[in-house]
Amino acid sequence: CVPASASSSPATTAASATEVPGTMKAWVYDTYGDASVLKLDEAVAVPPVADDQVLVKVAAAALNPVDFKRRAGKFQATDSPLPTVPGYDVAGVVVKVGSEVKSFREGDEVYGMISEKPLDGPKQLGSLAEYVAVEEKLLAPKPKGLDFAQAAGLPLAILTANGGLEKAGLFAGMSVLVLGGAGGVGSLAIQLAKQVYGASTVAATASTNKIELLKSLGADVAIDYTKENFEELPEKYDVVFDAVGQGEKAVKVVKEGGSVVVLTGAVTASGFRFVVTSNGSTLEKLNPYLESGKVKPLIDPTGPYPFSQVVEAFSYLETGRATGKVVISPV
Ligand code: NDP
C-alpha cells in the first residue's frame with residue numbers, strides 16, 4: 001500500500017519543474033587542434049545538476065582567447081578530459097536548481113563565468129551548448145537593462161579587468177596604461193579604471209582606426225601603436241595593465257613602486273602574472289555600474305554570431321583584431 005503523500009509527490013515535482021530534455025545541441029571537440037576540430041553535436045547529454053549548482057538554459061555565450069588556447073592543447077596538463085564542450089561565458093535562464101541552492105530560482109536571469117579556474121580543471125561541459133550546469137556561487141543576476149548578448153560578453157573579461165586592476169593596487173588619483181585597450185578585456189579595463197577605481201589618467205593603446213573608440217571608452221590618452229612606441233614616450237604610470245603580451249616593454253613605463261599586471265606572454269621581473277578566477281559576488285558588486293550605464297559592454301560589430309556560426313566566430317577572434325567581445329547569440 002503506497003501512502004497518498006508519497007504517490008502524489010512525483011506529480012508535484014513534475015508540475016513545478018521546467019521541461020528539460022535529456023539531450024541538447026552543443027559544440028564539441030574530441031581532439032586538440034584549430035577551429036576545424038569543432039563539431040556541432042545534436043545529442044549531447046544535458047549535464048546533471050549537483051546540489052550546489054543550477055542548470056542554465058543558455059541564451060547567449062561569448063568566446064575568449066582562453067577557449068582557443070585550450071582547444072589548441074596549451075593547457076593539456078591541467079585541462080579536463082576530452083571530449084570538451086568549450087565556453088566559459090554564459091547568460092541565460094535558470095531552469096533547475098540543486099538542493100542546496102539558496103540565491104536562485106527557476107526563471108531567474110543570470111550571467112557568469114562557468115568554471116572557477118579557467119586553466120585548472122575547467123568544466124568539460126561549457127557554455128557553447130543549450131544547457132550548462134553552474135555552481136550558484138559563480139553566477140550573478142543579469143544586470144537590469146542589458147540583454148542576454150550584452151551580459152554574456154562580460155563575465156570573464158570584466159572579472160579579469162577588475163581582478164587585475166585590484167591586484168595591481170589601483171586607487172583613486174593614480175594613473176594607468178592599458179595595453180590592448182580595444183579588446184574584450186582592455187575595453188573594460190579602461191572603463192573600470194575610470195568609473196570604478198577613479199584613476200586620474202587612463203592611457204591606452206590600439207591601432208589607428210580604434211583610437212576614437214579608446215577615447216569614447218574614457219581613455220584620456222589614446223596611443224596609436226602603429227605610429228608611436230609607448231615605451232619611448234616620456235610618461236610613466238602607477239599601473240600598467242598588459243592585455244597584449246608586452247611585459248618587457250611594459251616594465252619600462254611604470255613608475256618606481258608602481259605595478260605591471262601581465263595577462264599573457266612572458267612576465268619580466270617587477271611585473272606579475274594575473275590569472276582570473278570566477279566569482280558571482282564580484283559580478284554582483286559590478287552590476288550597479290553596468291545598470292547605470294557607467295560601464296558599458298562592447299560587442300564586436302561583426303557579431304553577435306548565431307549558434308550555428310561558432311566556427312566562424314572563433315576564426316574571427318583568432319585574428320586578434322576583435323573590437324570588444326565576440327558574442328554567440330541566440331543559442
Ligand atoms: P581580444 O582578442 O579581445 O583582443 C583583441 C584586441 O587586441 C584587438 O582589439 C587589438 O587591437 C588588440 N591588440 C592586438 N595587438 C595589439 C598591440 N600590439 N597593441 C595594442 N593592442 C593590440 O583578447 P582579450 O582582450 O580577450 O584578451 C587579451 C589577452 O589576455 C589574451 O592573450 C588572453 O588570452 C589574455 N587573457 C588572460 C587572462 C588571464 O586571466 N590571465 C584572462 C583574459 C584574457 P588592434 O586591432 O588595434 O591591434
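A polar contact, as the term is used here, is a pair of N or O atoms within 3.5 Å. In this predicted model, the side chain of Lys210 provides such a contact, with one of its N or O atoms 2.6 Å from an oxygen atom of the ligand. Lys69 contributes in a similar way, since a polar atom of its side chain lies 2.7 Å from an oxygen atom of the ligand. With Phe274 the backbone takes part instead, as a polar backbone atom of this residue is 2.7 Å from a nitrogen atom of the ligand. Taken on its own, the ligand has 930 Å² of accessible area, and the protein covers 88% of that area.

Beyond these contacts, the ligand is surrounded by 27 residues, of which Lys69, Ser207, Lys210, Tyr225 and Ala322 come nearest. By class, this shell is made up of 14 nonpolar, 10 polar and three charged residues. The elements that give two or more residues to the shell are α2, α4, α5 and β9.

Where in the protein does the ligand sit? The space that the ligand takes is the largest pocket, which holds about 1,200 Å³ of space. The lining of this pocket consists of 46 residues, and those that lie nearest its centre are Pro65, Lys69, Ala243, Val244 and Thr264. Among the elements, α2 (65-71), α4 (155-167), α5 (184-195) and β9 (201-206) each supply at least two residues of that lining, and α2 gives the most, with four residues. Sorted by class, the lining of the largest pocket has 24 nonpolar, 15 polar and seven charged residues.

A general idea helps in reading such spaces: rolling a probe the size of a water molecule over the atoms shows where empty space is left. The second largest pocket has a volume of about 350 Å³ and is lined by 16 residues, with Leu159, Asn162, Gly163, Glu166 and Thr282 nearest its centre. Helix α4 supplies the largest share of this lining, five residues, while both α4 and α8 (280-291) supply at least two. The lining of the second largest pocket divides into seven nonpolar, five polar and four charged residues.

Besides the pockets, the count comes to one cavity of 30 Å³ or more, and the volume of the largest cavity is about 30 Å³. Its lining is formed by Leu177, Ile223, Phe230, Leu233, Glu235 and Tyr237, and by class these are five nonpolar residues, no polar ones and one charged residue.

The backbone also deserves a careful look. Most residues other than glycine have a negative phi, and most peptide bonds are trans. Against that background, which peptide bond is cis in the loop between α2 and β4 (89-97), where Pro83 has its place? The bond from Leu82 to Pro83 is cis, with omega near 0°. The peptide bond from Ser329 to Pro330 is likewise cis, with omega near 0°, and Pro330 is found in the segment after β14 (326-328). Ser270, although it is not a glycine, has a positive phi of about 85°, and this serine lies in the loop between β12 (254-262) and β13 (271-273).

Technical notes: Residues are numbered from 1 along each chain as its sequence is written. This is a predicted model: local features need pLDDT of at least 70, side-chain atom pairs count only at pLDDT 80 or more; totals for chains, interfaces and linings use all residues. Side-chain values use heavy atoms; hydrogens and water are left out. On a 1 Å grid over the protein atoms alone, a cavity is a set of points where a 1.4 Å probe fits but cannot get out, and a pocket is an open set with protein on both sides within 12 Å along at least five of seven lines; lining residues have an atom within 4 Å of a point. Grid points are joined across faces, edges and corners, and a volume is the space filled by probe spheres set on the points. Ala, Val, Leu, Ile, Met, Phe, Trp, Tyr, Cys and Pro count as nonpolar, Asp, Glu, Lys and Arg as charged, and the others, Gly among them, as polar. A residue is near a molecule or strand if one of its heavy atoms lies within 4 Å of it. A polar contact is a pair of N or O atoms within 3.5 Å; within protein, one must be able to donate a hydrogen and the other to accept it, and residues adjacent in sequence count only if both atoms are side-chain atoms. Accessible areas come from the Shrake-Rupley method with a 1.4 Å probe; for residues, only the protein chains shown count as cover. A molecule sits in a cavity or pocket if more than half of its atoms lie within 2 Å of its grid points.
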